[in-house]
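Visitor: I am new to this structure and would like a close look at a single part of it, the surroundings of the ligand. Please take me through it slowly, and then show me the other hollow spaces.

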Amino acid sequence: MKFSYEAAVTDTPEISLSAAVSGEKSVGPMARPVSRFATLREVLTSQTLSFLMESHNGMSAKIAEEAGFQAIWASGLTISASMGLRDSNEASWTQVLEVLEYMADAVKVPILVDGDTGYGNFNSVRRLVRKLGERGIAGVCIEDKLFPKTNSFIGEGQPLADIEEFCGRIRAAKDSQINDDFCVVARVEALISGRGMDEALRRAEAYHAAGADSILIHSKLASPNEILEFTERWGRRSPLVIVPTMYYATPTDAFRRAGVNAIIWANHLMRSSITAMRETAARIREDESLMEVEGRVTSVKDIFRITANDELEAAERRYLPAGAQSRAIILAASGGIDGQPKCMVDIRGKSLLRRQMDAFGAAGIRQVGIVRGYGKAAVTPVGAELFDNDRFDDTNEVYSLATAHERLQGEVLVSYGDVLFRNYILTGLLSTPGDIVIAVDSLGRFVGEDGRVHDFVAGDRAPSADYLEETPPDLVSIGPDVKGERLAGEWIGLVRFSPVGTEWLREEIELLRAEGLIETADMPVLLSRLAARHPVKLYVFSGHWLDVDTAPDLAEARNFA
Ligand code: SPV
Ligand code: MG
């Protein structure tokens, strides 16, 4: 879609700017997506006054977009400043291009880049404009000065480019654009250089004739007088952009009435961030503490939100293999051996917990949460998220699990913190179909009276050794008293929930809470209740695991590992 200035003035635009900004499809007669190029064209040419906010990197661009700005001004001054450089073309144009690419990737709204002088002659401009278009930058502003440029607010009487030569730069830019809606804004520096109003108007006329899509008339006076005189004498011959950095006290309506199409707020995100960073740095330096600062600065969580971490999590679910999408929650709150939390006992140079985390890691499960309780200060493994059940003495396993409720989403494995198992058991559990699958040791059928509590499991049919039998049995009952010919074995304290199974798990936890049973329920109770409402599958194997409850278990574990 092509916008001419005249069409924009006289016709109803075919696109909705808000739709373009939000990235939605337009719903007008021509219903099709609006490009950023077309959006910038409308921002610069529409009769309704628009605003461009300065940004200098991906984050500031996101903040400008979040605030609702329709377009972004990628300022030469502030991009240089963000690099610790002067606004004197000390950064090369390809270095600026790289920053622009981050900015364009970060936002949907269009970017008008401050292209300074075009970094040289017509030939530099041609390459610049092509590359900008390739990177999705919707427009460039070039100023009629000489390379290397000097900021307009430094010194007096800066030399200007020859008019004809600068018109050549504009024509070269227009001939090189790879998108019909790419905008070239010609910036007139005659008022800045003290050349007077007639010269400014003459230059604006020539640049308009050379094909500029808009004229930026710049002034460094504190009063708006010369800008208002210019707009009056210009008489809306083309779209106009202004930068009221110095004449900031003028009410915006004055420019609206004068027929200005777009205003650039040129450097205020950079300047405000400098103020904020200075204050924070001074406070922390003085206090040698974060106390005063925390709560007054953006949270780390907010950074995750701004950079759309949730999108990455969704992509991980789409693209990573099953194990990598899973999270393990290790219940390690209860009990100890010889005054040490069970999960921390050393089994041949590695804690039980570390061994379990390594097993999860080997299966591709990188997100591990640990619910601590007994001796929690000693449970600080690297690479795990920690949850605390400080009531481990008078609560049970479901209460511990509920402390990690924030993480009960997606594919979740829950395991007791005091079990050791061979890796193949985990792999088998992960690949058994079902929304809830529990790992069952068939040798548990033969356990005699040994004075320990076992979670025996009965299925809806006897476990089959048939090669062709592919459907695992369903759990019917689980607990220390389960017996009979449907006895499948012993649950080892490892259960997998699919994303759907995790939803059921959350519901069941909430029901237990509502019934006042959350504090007393153990995992077998939870699994029994789940099995009453949903299919809970058994993954049956033989041996190759143990739990570490007592000192003799510990001795056995040391042989096992
Ligand atoms: C910039 O933001 O880099 C500009 C505007 O060119 S000004 O600093 O006002 O010249
Ligand atoms: Mg600049």
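Visitor: To begin with, how many residues of the shell around ligand 1 are nonpolar, how many polar and how many charged?

Guide: This is a predicted model, and in it the shell around ligand 1 divides into 4 nonpolar, 5 polar and 2 charged residues. The residues that make up these surroundings are W73, S75, G76, L77, D114, N151, S152, F153, R187, H218 and A266.

Three of these residues can be followed down to single atoms. A polar side-chain atom of D114 lies 2.7 Å from an oxygen atom of ligand 1, and an N or O atom in the side chain of N151 is 3.3 Å from an oxygen atom of the ligand. With G76 the backbone takes part, as one of its polar backbone atoms is 3.2 Å from an oxygen atom of ligand 1. On its own, ligand 1 has 280 Å² of accessible area, and the protein covers 100% of it.

The covering can also be seen from the side of the protein, where the space taken by ligand 1 is the largest cavity. That cavity holds about 160 Å³ of space, and among the 16 residues that line it, L77, N151, R187, H218 and A266 lie nearest its centre. By class, the lining of this largest cavity is made of 5 nonpolar, 7 polar and 4 charged residues. N151 therefore appears in two roles, as a residue with a side-chain atom 3.3 Å from a ligand oxygen and as one of those nearest the centre of the cavity, given that lining residues have an atom within 4 Å of a point of the cavity.

The count of cavities of 30 Å³ or more comes to 3, and the second largest of them has a volume of about 70 Å³. Its lining is formed by G76, S80, D87, S88, N89, E90, A91, V96, D114, D116 and Y119, and these residues divide into 3 nonpolar, 4 polar and 4 charged. Two names in that lining, G76 and D114, have already been met among the residues around ligand 1.

Beyond the cavities there are pockets to consider. In the largest pocket lies about 740 Å³ of space, and its lining consists of 19 residues, with N309, E313, R327, Q367 and R407 nearest the centre. Three helices, α13 (300–306), α14 (309–319) and α15 (322–325), each give at least two residues to this lining, and the largest share, 6 residues, belongs to α14. Sorted by class, the lining of the largest pocket has 4 nonpolar, 5 polar and 10 charged residues.

The second largest pocket has a volume of about 570 Å³, and it is lined by 32 residues, of which S334, K342, E397, Y416 and D418 lie nearest its centre. Two or more residues of this lining come from each of β9 (327–332), α17 (397–402), β21 (487–497) and β23 (545–547), with β21 supplying the largest share, 4 residues. The classes in the lining of the second largest pocket are 13 nonpolar, 9 polar and 10 charged residues.

To return to the part you asked about, ligand 1 takes up the space of the largest cavity, and D114, whose side chain has a polar atom 2.7 Å from an oxygen atom of the ligand, is also one of the residues that line the second largest cavity.

Key
Residues are numbered from 1 along each chain as its sequence is written. Chains are lettered from A and ligands numbered from 1 in the order in which they are written. This is a predicted model: local features need pLDDT of at least 70, side-chain atom pairs count only at pLDDT 80 or more; totals for chains, interfaces and linings use all residues. Side-chain values use heavy atoms; hydrogens and water are left out. A residue is near a molecule or strand if one of its heavy atoms lies within 4 Å of it. A polar contact is a pair of N or O atoms within 3.5 Å; within protein, one must be able to donate a hydrogen and the other to accept it, and residues adjacent in sequence count only if both atoms are side-chain atoms. Accessible areas come from the Shrake-Rupley method with a 1.4 Å probe; for residues, only the protein chains shown count as cover. On a 1 Å grid over the protein atoms alone, a cavity is a set of points where a 1.4 Å probe fits but cannot get out, and a pocket is an open set with protein on both sides within 12 Å along at least five of seven lines; lining residues have an atom within 4 Å of a point. A molecule sits in a cavity or pocket if more than half of its atoms lie within 2 Å of its grid points. Ala, Val, Leu, Ile, Met, Phe, Trp, Tyr, Cys and Pro count as nonpolar, Asp, Glu, Lys and Arg as charged, and the others, Gly among them, as polar. Grid points are joined across faces, edges and corners, and a volume is the space filled by probe spheres set on the points.
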